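Trainee: I should like to work through this structure with you, from its helix packing to its buried residues. May we begin once it is displayed?

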Amino acid sequence: MPYLFLGSERNVAGAQLRERGVGSVVNVAQEIDGRDGDVVDVGAGHVVRYRQYRWRHGEADVARDFDACFAFIDAARRRHEGVLVHCQLGVSRSASLVVAYVMRTMALAFGPAYDYVRLRAPCISPNLSLISQLCEYDRVLRAARARGPTTTTTTTTTAADDDDDDDDDDDDNAAGGGGATGDTADTDTDATAAESADATSTTSGSENATPTDSDSAPYLGCASPAVLAVQPAAAAAAGRLVADRHPLRP
């Protein structure tokens, strides 16, 4: 997934982030002090946009922050700017946020989303409470997808008005004019269905502007205390782990 990185607190270092093109940071660790909302100098003269959500190891409701976190990540990716999601070790809390983001953005269930992240970040291991919350979030997303897009209500008219409107519509159509006719509504419905069919493994709705995968873009990678892995598109397509890991000095 282009421009998205998963790491630990030791990866929040200016030279490392500048080398990866990371300009935004999300910190989900309660115990790590940060300056939420500020533009922060993280060293070596490198400035990043910074957000902090103070999650405990046993945080009971991480989903309350998902919308705000996702909006921040989406904004960075639309700018073609790397965004690092981290907690203390990059194993549980930050990994859970990234899994949830993949679930939402790629329309994946919890299992496939977890596998997608773990393939690129073998170090992840969310605790049981967070896994339970991700499973609940999976159910929420499934229910939302089952409901489908919101339909627009129409105004009812009397029978006499219907007759007059039909005559007017016929005249307008003959003249090449007319407003929102039944044909137009059908066309809009068909277009929406076609867009939904083409949205496989990409973002949907307002997410359509999010960058797609390309060989030149940085990919979701796991940061151990001293290593950040970058996933090339070719390796992702082949389902292989990345052998080329770029050292990040703490």
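**Helix packing and core**

Mentor: The crossing of α3 and α5 is right-handed. The model before us is predicted, and the questions that follow should be read in that light.

Trainee: Are α3 and α5 roughly parallel or roughly antiparallel?

Mentor: The axes of α3 and α5 come within 11 Å and cross at roughly 15°. Angles under 35 degrees count as roughly parallel. Therefore α3 is, with respect to α5, roughly parallel.

Trainee: Which residues of α5 meet α3?

Mentor: On the α3 side, the residues involved are Arg-93, Ser-96, Val-99, Ala-100, Met-103 and Arg-104. Their partners in α5 are Leu-130, Leu-134, Tyr-137, Asp-138 and Leu-141.

Trainee: Is Asp-138 buried or exposed?

Mentor: Asp-138 is located in helix α5. Leaving out residues up to four places away in sequence, Asp-138 touches Met-103, Ala-109 and Phe-110. Its relative accessibility is 9%, and buried means under 20%. Asp-138 therefore counts as buried.

Trainee: How is α3 oriented relative to α4: roughly parallel or oblique?

Mentor: The axes of α3 and α4 are 9 Å apart, and the two helices pack at an angle of about 120°. Roughly perpendicular covers 65 to 115 degrees, and roughly antiparallel begins over 145. The angle falls in neither class, so α3 is to α4 oblique.

Trainee: Is the crossing of α3 and α4 left-handed or right-handed?

Mentor: The contact joins Val-98, Val-99, Val-102, Met-103 and Met-106 of α3 to Phe-110, Ala-113, Tyr-114, Tyr-116 and Val-117 of α4. The handedness of this crossing is right-handed.

Trainee: Is α2 roughly parallel or roughly perpendicular to α3?

Mentor: The axes of α2 and α3 come within 11 Å, crossing at roughly 75°. The class from 65 to 115 degrees applies, and α2 is therefore, relative to α3, roughly perpendicular.

Trainee: Which residues of α3 make the contact with α2?

Mentor: From α2, the contact uses Phe-66, Cys-69, Phe-70, Ile-73, Asp-74 and Arg-77. The residues that α3 supplies are Leu-97, Ala-100, Tyr-101, Arg-104 and Thr-105.

Trainee: What covers the buried residues of α2?

Mentor: The buried residues of α2 are Phe-66, Cys-69, Phe-70, Phe-72, Ile-73, Asp-74, Ala-76 and Arg-77. Both strands and helices contribute to the cover, which includes β1, β2, β4, β5, α3 and α5.

Trainee: What span does α2 reach from its first C-alpha to its last?

Mentor: The helix α2 has 13 residues. At 1.5 Å a residue, 18 Å is expected. The span of α2 in the model is close to that value, at 18 Å.

Trainee: Which element gives the most residues to the largest nonpolar core?

Mentor: The largest nonpolar core has 39 residues, of which Val-26, Phe-66, Leu-97 and Val-117 touch the most other members. Elements giving two or more residues to this core are β1, α2, β5, α3, α4 and α5. With nine residues, the element that gives the most is α3.

Trainee: How many residues are in the second, separate core?

Mentor: Phe-5, Leu-17, Val-40 and Leu-84 are among the members of this second core. It is separate from the largest one, and its number of residues is nine.

Trainee: Is Val-28 buried or exposed?

Mentor: Val-28 lies in the loop between β2 and β3. Beyond its neighbours within four places in sequence, Val-28 is in contact with Tyr-53, Trp-55, His-86, Cys-87, Arg-93, Ser-94 and Leu-97. Its relative accessibility is 0%, so Val-28 counts as buried.

Trainee: Is Arg-35 buried or partly exposed?

Mentor: Arg-35 also belongs to the loop between β2 and β3. Arg-35 touches Val-40, Asp-41 and Tyr-50, residues up to four places away in sequence not being counted. Its relative accessibility is 46%, and the buried class requires under 20%. Arg-35 therefore counts as partly exposed.

Trainee: For contacts between residues at least 6 apart in sequence, what percentage joins residues at least 24 apart?

Mentor: The protein chain has eight helices and eight strands, and buried residues make up 40% of its 250 residues. Among contacts between residues at least 6 apart in sequence, the share joining residues at least 24 apart is 71%.

Terms used. Residues are numbered from 1 along each chain as its sequence is written. This is a predicted model: local features need pLDDT of at least 70, side-chain atom pairs count only at pLDDT 80 or more; totals for chains, interfaces and linings use all residues. Side-chain values use heavy atoms; hydrogens and water are left out. A nonpolar core is a set of buried Ala, Val, Leu, Ile, Met, Phe, Trp, Tyr and Cys residues joined through side-chain atoms within 4.5 Å. Buried means under 20% relative accessible area, exposed over 50%, partly exposed in between (1.4 Å probe, protein chains only). Helices (H or I, at least four residues) and strands (E, at least two) are DSSP runs, numbered from the N terminus. The expected span of a helix is 1.5 Å times one less than its number of residues. Contact means heavy atoms within 4.5 Å. Axes are lines fitted to C-alpha atoms, for helices over the stretch in contact, and angles run from 0 to 180 degrees between N-to-C directions. A crossing is left-handed if the near helix is turned anticlockwise from the far one by less than a right angle, and right-handed if clockwise.
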